[in-house]
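Work through the exercises below with the sequence and the model side by side, and try each task before reading its solution.

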Amino acid sequence: MKSVTIGYALCGSFCTIAESVQVLEELSKNENIKLVPIMSEIVYKSDTRFGKAADLIEKVESLCQRAVIHDIPAAEPIGPKNLLDIIVVAPCTGNTAAKIALGITDTPVTMAVKAHLRNNKPVVIGLATNDALGASSKNIGLLQNTKNIFFVPYGQDDPHSKATSLICDFKRIPETVEAALENRQIQPILIK
């Protein structure tokens with residue numbers, strides 16, 4: 001991959017954050033990649049059964065070698081200053097997907113995406129939501145038909161117990177980023 005600055009945003013699908021951070025760790029090993037971490041306020045502040053917020057922040061900041069963007073004022077300059085080549089939102093919850101689809105900018109992540117899109121640059125969405133095939137499906141459909149939005153391939157993670165849940169294949173984030181930088185959606189989007 002050529003030299004690239006990636007905004008890497010984490011939203012509140014807490015059970016998938018560790019998997020996303022593993023990808024972030026892999027990306028951090030590439031000398032050609034500069035990483036700018038972004039977290040929703042809920043991720044930045046919440047201790048959960050999956051870990052403490054302070055531990056997550058410390059790990060992410062160590063990998064990225066910079067402070068996490070965790071409020072709207074810090075995220076807003078991403079657009080005007082043209083700070084990034086691409087943004088990855090992984091995990092992207094149904095709530096965040098809906099806000100991006102509808103242009104709502106009330107979190108650091110949605111502000112970062114809005115600010116970045118004004119520069120006509122790619123955003124990669126890594127879905128992780130229990131209602132993707134339910135209440136969130138219309139918003140995902142809107143995003144799939146939106147310029148500069150690209151999806152990490154996704155599928156049902158537990159169709160028998162969680163029939164409307166979808167999760168992306170986090171390991172495919174790097175190749176999705178490469179394709180999105182070439183204005184291509186990797187295929188197939190739907191996986192088993």
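## Before the exercises: contacts of one loop residue

Leaving out neighbours within four places in sequence, Leu83 is in contact with Thr5, Pro77 and Ile78, where contact means heavy atoms within 4.5 Å. The model is predicted, so that local features need pLDDT of at least 70 and side-chain atom pairs count only at pLDDT 80 or more, while totals for chains, interfaces and linings use all residues. Residues are numbered from 1 along each chain as its sequence is written, and side-chain values use heavy atoms, with hydrogens and water left out.

## Exercise 1

Task: Find where Leu83 is placed, and decide whether Leu83 counts as buried, partly exposed or exposed.

Solution. Begin with the position: Leu83 lies in the loop between helix H4 (72-75) and strand E3 (86-92), where helices (H or I, at least four residues) and strands (E, at least two) are DSSP runs, numbered from the N terminus. Next, take the scale, on which buried means under 20% relative accessible area, exposed means over 50%, and partly exposed lies in between (1.4 Å probe, protein chains only). Leu83 counts as partly exposed because its relative accessibility is 43%. Finally, look along the chain to Val36, which is 47 residues apart from Leu83, and find that the two C-alpha atoms are separated by 9.2 Å.

## Exercise 2

Task: Describe the backbone at Asn82 and at Asn183, and say how exposed each residue is.

Solution. Start with the general expectation: most residues other than glycine have a negative phi, and most peptide bonds are trans. Asn82 is not a glycine, and yet its phi is positive, at about 50°. This residue is found in the loop between H4 and E3, and Asn82 is partly exposed because its relative accessible area is 41%. Asn183 also has a positive phi, near 60°, in a residue other than glycine. Asn183 is found in the segment after H8, and it counts as exposed because its relative accessibility is 57%.

## Exercise 3

Task: Which peptide bonds, ending at Pro91 and at Pro188, are cis or trans?

Solution. For Pro91, the bond that joins it to Ala90 is cis, with omega about 5°, and Pro91 is found in strand E3. For Pro188, the bond from Gln187 is cis, with omega near -5°, and Pro188 is placed in the segment after helix H8 (173-181).

## Exercise 4

Task: Work out how helices H5 and H6 meet, and then how far H6 is enclosed.

Solution. First take the geometry: helix H5 (residues 94-102) and helix H6 (residues 108-117) pack at an angle of about 35°, with their axes 10 Å apart. Here axes are lines fitted to C-alpha atoms, for helices over the stretch in contact, and angles run from 0 to 180 degrees between N-to-C directions. Then list the residues that make the contact, which are Thr96, Lys99 and Ile100 of H5 and Val109, Thr110 and Val113 of H6. Now turn to H6 as a whole, which is largely enclosed by the rest of the structure because eight of its ten residues are buried. The buried residues of H6 include Val109, Thr110 and Val113.

Take Thr110 as a closer case: Thr110 is buried, with a relative accessible area of 2%. Not counting residues up to four places away in sequence, Thr110 touches Thr96, Lys99, Ile100, Ile104 and Thr105. The C-alpha atoms of Thr110 and Ile100, which are ten residues apart along the chain, are separated by 6.0 Å.

## Exercise 5

Task: Where does Ile87 lie, is Ile87 buried or exposed, and which residues does Ile87 touch?

Solution. Ile87 is placed in strand E3, and Ile87 is buried, with a relative accessible area of 0%. Setting aside residues up to four places away in sequence, Ile87 touches Gly7, Ala112, Val113, His116, Pro122, Val123 and Val124. Of these, Ala112, Val113 and His116 are among the buried residues of H6. As a last step, compare positions along the chain: Ile87 and Ala180 are 93 residues apart, and their C-alpha atoms are separated by 10 Å.
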